[in-house]
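This report describes one structure for a reader who has not met it before. Please look over the sequence and the model below, then read on.

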Amino acid sequence: SLRLLHPFIPFITEELWQKVPHQGPTIMTAPYPEPREDWIDTQAIARMRELQELITAVRTARAENNVDPKKPVPMEIRCKEGVSGFVEDQARHLRNLAQLSRLDFVSSFDGEEFQVQGVSSLGEFALLLGDAVDVEKERQRIEKLVEQTRGEVEGLSRRLQNQSFLEKAPKEVVETARQRYSEAIDRLSKLREKLERLPPS
């Protein structure tokens, strides 16, 4: 452990090294530890990557729906076959890192409460946002973004239909405009989907 820490806290590790049984005059010349193949648990590594992916998906869903990152919200999860035990074992970490007030394991989502659904390699999840989002304010916010994005799409469309622009502008500029247009179309579609998912006020 001291040899692993030495590049980061050299003075402390050297001092401790001199106080414990060791080989060689200084930790600076001690060989750095090498990994052992028999210590590597590929399944555990894969599972933890999947857990990280789930946490990232939940955080992204929260951010996309304008949920206060510090506000705990309840979540339901429908695990894929064979992973529910792992998710249950990691439930405490999942609740802490994804800011969840409750984590329920379900076989299906009833959809009675306003929710946002997502998917990860461990399964599908639904964030229950009934108490976390002011629906009317969120509707107004998204409608404003829809109008802004629609204006951006229309402006880029006119630009890309302008033959003079296409012929005289540098290729890089034209390609950037096309990319921005494609991104704006995609963003507009997602905003409209979010607007449709909002419950009636």
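## Loops, pocket and helix contact

Q99 sits in the loop between helix 5 (91-98) and strand 2 (100-105). The model is a predicted one. Although Q99 is not a glycine, it has a positive phi of about 55 degrees. Its relative accessibility is 29%. A residue is buried under 20% and exposed over 50%, with partly exposed in between, so Q99 counts as partly exposed.

N66 also has a positive phi, of about 60 degrees, and is not a glycine. The loop that holds N66 runs between helix 3 (42-64) and strand 1 (73-79). N66 counts as partly exposed, at 45% relative accessibility.

S107 belongs to the loop between strand 2 (100-105) and strand 3. With a relative accessible area of 65%, S107 is exposed. The C-alpha atom of S107 is separated by 10 Å from that of K80, and the two residues are 27 residues apart along the chain.

Q117 lies in strand 3, which covers residues 115-120. The relative accessible area of Q117 is 47%, so Q117 is partly exposed. Between the C-alpha atoms of Q117 and V58 there are 9.1 Å, while 59 residues separate the pair along the chain.

The table sets out the accessibility of these four residues.

| Residue | Place | Relative accessible area | Class |
|---|---|---|---|
| N66 | loop between helix 3 and strand 1 | 45% | partly exposed |
| Q99 | loop between helix 5 and strand 2 | 29% | partly exposed |
| S107 | loop between strand 2 and strand 3 | 65% | exposed |
| Q117 | strand 3 | 47% | partly exposed |

The next topic is the pocket. The largest pocket holds about 390 Å³ of space. It is lined by 18 residues, and those closest to its centre are E64, N65, K190, K194 and R197. Which elements each supply at least two residues of this lining? They are helix 3 (42-64), strand 3 (115-120), helix 6 (135-161) and helix 8 (171-197). Helix 8 gives the largest share of the lining, 6 residues. By class, the lining of the largest pocket has 7 nonpolar, 5 polar and 6 charged residues.

The structure also holds 1 cavity of 30 Å³ or more. The largest cavity has a volume of about 40 Å³. Its lining consists of N65, F114, V116, E138, I142, K194, R197 and L198. Helix 6 and helix 8 are the elements that give two or more residues to this lining. The lining of the largest cavity divides into 4 nonpolar residues, 1 polar and 3 charged. N65, K194 and R197 line the largest cavity, and these residues are also among those closest to the centre of the largest pocket.

Helix 6 and helix 8 contribute to the linings of both the largest pocket and the largest cavity. How do the two helices lie relative to each other, and at what angle do they cross? Their axes come within 9 Å and cross at roughly 150 degrees. Angles over 145 degrees count as roughly antiparallel, and helix 6 and helix 8 are therefore roughly antiparallel to each other. The crossing of helix 6 past helix 8 is left-handed. The contact between helix 6 and helix 8 has 15 nonpolar, 2 polar and 11 charged residues.

Key
Residues numbered from 1 in each chain as written. Predicted model: local features only at pLDDT ≥ 70, side-chain atom pairs only at ≥ 80, totals over all residues. Heavy atoms only, no water. 1 Å grid on protein atoms, 1.4 Å probe; cavity = no way out; pocket = protein on both sides within 12 Å on 5 of 7 lines; lining within 4 Å. Points joined across faces, edges and corners; volume = space filled by probe spheres on them. Helix = DSSP H or I, 4+ residues; strand = E, 2+ residues; numbered from the N terminus. Nonpolar A, V, L, I, M, F, W, Y, C, P; charged D, E, K, R; others polar. Buried < 20%, exposed > 50% of the residue type's maximum accessible area, 1.4 Å probe, protein only. Axes fitted to C-alpha atoms, helices over the stretch in contact; angles between N-to-C directions. Parallel < 35°, antiparallel > 145°, perpendicular 65-115°, else oblique. Left-handed = near helix turned anticlockwise from the far one by under 90°.
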